[in-house]
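Reader: I would like a close look at a single part of this structure, followed step by step through its neighbours. Please take one helix as the centre, and then turn to the strands that deserve the same care.

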Amino acid sequence: MGDYYIVPILIAIAVYIYCSVGLKKLQNPKPPKAPVPNYHPLPITPPMKYYAPGADIFPEPPEMESEPSETISGEELEEFLLNEFKIDVEVIETTQSPSLDIHHLRLNKMTDLGTKMNRALEGMKARYNLPFSQMSSRIGDIAIAAPREDKQFVYLRDVMDTPEFEELADNPDAIPAVIGIDENNNPVCIDLTKAPHFLVAGVTGSGKSVCANSMLLSALASRTPDQLEVVLIDVKQVEMAPYNGLPHLKTMTFAPFGSVGMEGAYRVKQVFTEPGDAETALQSIINTMQYRYAEAKRLGVRKLGKEYPHILVIIDEMADLMLSPAFGKSIENKIVRIAQLARAAKIHLVCCTQLPNVKVLTGLIRANMPCRMVFHCSTATDSRVSLGRSGAENFLGNGDGVISQPDKGEIRIQAAYSDEYDVAALVEYYLESGEPYTNGI
Ligand SMILES: Nc1ncnc2c1ncn2[C@@H]1O[C@H](COP(=O)(O)OP(=O)(O)O)[C@@H](O)[C@H]1O
Ligand SMILES: [Mg+2]
């Protein structure tokens, strides 16, 4: 009888939990659900007119946190190197990027650094339990990069708001894409028409998909479907699904296996998630490429005009395709073919792989895709295959890596961060903002 006082307490607890969950939901609204994939047959819709929204379409990033502290100070580093390894250096400057402290060192005595420095870095790794790495220095003899304890995010929108990106976006011939920022906190943006094909390598969780997403989102926010079409291949079926419904997705014509001519052909506009579909999609891109070459020849021009949009092909997790027993070889051949010829046809390729070994990054693929973005790799061998040198095994993960282009050399980067809220905001904008062309315009 006396236990009835427990009932109001239970009710109070239940009301409290209900309210706090409700409040959380209000504070963190779920991103809107991606529209259901547009499976065949696709309705014939009138062409629509769109405007590129620019950086403002993405949710406002949170404010930068307070000034960071150093993991290891310059003096500490000098002492450590001198006492433990008899390397006499002076730290002439320490710069900070969102993920790294970079100590620029001058050698006080001529020292044969090679193996000595490697041993010292190993020693520091063991002492501080952090992956230190050696870099070239623009002001000193060498630089040592130390990971920051309170690493900060570099948000896509912040990089898009810089004059460097805006200049690229204002150039009608360019397809601008955000990569991130470099070790001196300068924005790193590329023009996809100048660096057409990219290999992106690194272990699972190192930041490949986020980086590819940031490139894609910044390009999509700056270019309309008339200027840029995209083909997305994602056999893992996780990252790219929210893009279904985006008007930039290239409409492709698939013919059923064994059909003659265009008999039974259907049109698809979706993210491809099956190796078989991916193979067909790549063949379709090759067909487009050949058609464009033929058109250029017929018209007697070297450069295709505005009526041919740029096509950006992104393959997330290429390993799953290349190692597929049924389609692997054929897919490799198609990727190589596209990498060799597609640039002049305004087609650009970005391939990500979590297994940067010689089975996936075959000699042919490496030879034809010289632009690389390499994030944390599990071994020095993987680093050598993907980057041409060891060192990527010391990168810190979460978008810490290098971008390497044949004409521009290597730049250490922190990749820009974007997430599903950004994707949802962009897809929703384009879904809602299309207007049918009116007569005469
Ligand atoms: N540029 C970045 N800045 C901050 N965190 C990042 C960044 N890139 C990735 N991350 C973190 O790492 C996680 C895995 O990244 P992801 O790109 O999915 O890895 P991968 O595709 O290489 O397996 C992300 O969910 C995020 O938390
Ligand atoms: Mg991924």
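Author: In this predicted model, the buried residues of helix H9 pack against five elements, namely strand E8 (197-201), helix H7 (275-299), helix H8 (318-322), strand E13 (347-353) and helix H10 (363-368). The helix that makes these contacts, H9, runs over residues 328-341 and has 14 residues, and from its first C-alpha to its last it reaches 20 Å, close to the 20 Å expected at 1.5 Å a residue. Its buried residues are Ile 331, Lys 334, Ile 335, Ile 338 and Ala 339. When one looks down the axis of H9, these buried residues fall within an arc of 130°, so they line one face of the helix. This arrangement can be read against a general rule: an α-helix has 3.6 residues a turn, so residues three or four places apart point the same way.

From the helix we may pass to a strand for which burial is again the point of interest. Strand E6 (residues 176-182) is mostly covered, with six of its seven residues buried. E6 pairs with strand E7 (residues 187-191) in the antiparallel sense over five bridges, and within this pairing Ala 177 stands opposite Ile 190 in E7. The two strands, E6 and E7, form a hairpin with four residues between them, and in the turn Asn 185 has a positive phi of about 65°. E6 also pairs in the antiparallel sense with strand E16 (residues 409-415), here over three bridges, and Gly 180 of E6 stands opposite Ala 415 in E16.

An open sheet of four strands can be described in a similar way; its order is E2-E3-E5-E4, with antiparallel pairing. Strand E2 (89-96) and strand E4 (133-135) stand at the edges, and because each has a single partner strand, one side of each is left without a neighbour in the sheet. Neighbouring strands of this sheet are turned by 30° against each other on average, direction ignored. Between strand E3 (residues 100-107) and strand E5 (residues 142-147) the antiparallel pairing extends over six bridges, and His 103 stands opposite Ile 144 in E5. Helix H2 (residues 74-85) packs on this sheet, where it touches E2, E3 and E5, and the direction of H2 makes about 145° with that of E2.

Terms used:
Residues are numbered from 1 along each chain as its sequence is written. Chains are lettered from A and ligands numbered from 1 in the order in which they are written. This is a predicted model: local features need pLDDT of at least 70, side-chain atom pairs count only at pLDDT 80 or more; totals for chains, interfaces and linings use all residues. Two strands pair if DSSP finds at least two bridges between them. Axes are lines fitted to C-alpha atoms, for helices over the stretch in contact, and angles run from 0 to 180 degrees between N-to-C directions. Two residues are in contact if their C-beta atoms, placed from the backbone, lie within 7 Å. The expected span of a helix is 1.5 Å times one less than its number of residues. A residue is buried if 20 or more other C-beta atoms lie within 10 Å of its own, exposed if 12 or fewer, and partly exposed in between; C-beta atoms are placed from the backbone. The arc is that of the directions from the helix axis to the C-beta atoms.
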